[in-house]
Structure formats: C-alpha cells, structure tokens
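User: I am new to reading protein structures and would like a close look at one part of this one. Please take a strand and its surroundings, and explain the terms as you go.

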Amino acid sequence: MIIQKITGKEQKQLELQDKFYPGPGRSKTNGYIVDDKWSVYITYVPFTGYHVSIGDHRYGLVRPNYITVDAIARLGLFPYRKNYMLYSAGSEVVHFDIKD
C-alpha cells in the first residue's frame, strides 16, 4: 500500500483544528492518503488515546469496510487492535477510538 502524508495547506488546517480540540492536553492530528483512495486522519490526545477517521479520498461515496480498516491498521500509523468499534455518524466516513 502506498502512503502519502498530507502536507501544505491541508496540514495547516489540521494544526488549526488541533488548537480547538476538546480534551486534556494538546492534541496532534496527522493526515494520510492510502493507495490514492482512502483519507486517514489520526488525532492523538495525551492521556486519552487516538481518534481515527477513514473515508473515501476522491468522492466520499464509498464507506470503508472492516477488511479495509484492518488493512490500514496493519500499516502501523496507529496502534493495531484485532477489533475496532466503528461508527459512521450518518456519513460515508468511519470513526473509531483507541484508548491508551
């Protein structure tokens, strides 16, 4: 799988978002494009853990399934777990949390 780190204007926007993220400590968000198909946003909040969002990079029309999430998790961008509690909040982007 090909991993591209989000840089430039998009990374500046993520840094601005981090300033207002609720929770203890200072959050840090990184964004990646995987296989030129999936957008992966990983927010780490000290003492709380990770919040991960995965969605279709191009059109936002395809919701990633468990196999896709597992394959992306095995890339080592965030801590791997055998199962994740996925939720979509009514969109085609899946979210999940990983506790420290």
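Analyst: Two strands are said to pair if DSSP finds at least two bridges between them. This is a predicted model, and the part chosen here is strand β4, residues 49–56.

Start with the partners of β4. Strand β3, residues 38–45, is joined to β4 by eight bridges, and the two strands run antiparallel. One position shows the arrangement: Y44 stands opposite Y50 in β4. The hairpin of β3 and β4 has three residues between the strands, and in this hairpin F47 has a positive phi near 70°. Strand β5, residues 94–99, also pairs with β4 in the antiparallel sense, here over six bridges. Within that pairing, V52 has F96 of β5 as its bridge partner.

Next, how covered is β4? A residue counts as buried when its relative accessible area is under 20%. Seven of the eight residues of β4 are buried, so the strand is mostly covered.

Helix α2, residues 66–73, contains V69. With a relative accessible area of 2%, V69 falls under the 20% limit and therefore counts as buried. V69 and G55 are 14 residues apart along the chain, and their C-alpha atoms are separated by 9.9 Å. Leaving aside neighbours within four places in sequence, V69 is in contact with I54, P64, Y84, L86, V94 and F96.

Two of those contacts, Y84 and F96, lead to the aromatic rings. The whole structure has four aromatic pairs. In one of them, F78 and Y84 meet edge-to-face, with 6.2 Å from centre to centre and 70° between the planes. F78 and Y84 are both buried. Together with F96, these two residues form one aromatic cluster. F96 is also the residue that bridges to V52.

Now turn to K37, which is in the loop between β2 and β3. The relative accessibility of K37 is 32%, so this residue counts as partly exposed. Along the chain K37 and D56 are 19 residues apart, while their C-alpha atoms are separated by 5.9 Å. Not counting residues up to four places away in sequence, K37 touches G55, D56, H57, R58 and V62. K37 also lies over the face of W38, at 4.8 Å from the ring centre.

Finally, consider what β3 helps to cover. Helix α1, residues 9–19, has Q11, L14 and D18 as its buried residues. These three cover an arc of only 55° around the axis, which means that they are on the same side of α1. An α-helix has 3.6 residues a turn, so residues three or four places apart point the same way. β2 and β3 are included in what covers the buried residues of α1. The face turned away from that buried side carries the exposed residues K9, K12, Q13 and K19.

N30, in strand β2, residues 28–34, gives a view of this arrangement from the strand. Apart from neighbours within four places in sequence, N30 is in contact with K5, Q11, L14, V40, Y41 and I42. Among these, Q11 and L14 are buried residues of α1. The side chains of N30 and K5 are joined by a polar contact of 3.0 Å.

Definitions and conventions: Residues numbered from 1 in each chain as written. Predicted model: local features only at pLDDT ≥ 70, side-chain atom pairs only at ≥ 80, totals over all residues. Heavy atoms only, no water. Buried < 20%, exposed > 50% of the residue type's maximum accessible area, 1.4 Å probe, protein only. Helix = DSSP H or I, 4+ residues; strand = E, 2+ residues; numbered from the N terminus. Contact = heavy atoms within 4.5 Å. Phe/Tyr/Trp six-rings, centres within 6.5 Å; stacked < 30°, edge-to-face > 60°. Lys NZ or Arg CZ within 6 Å of the ring centre and 35° of its normal. Polar contact = N/O pair within 3.5 Å; in protein donor to acceptor, adjacent residues only side chain to side chain. Arc of directions from axis to C-beta.
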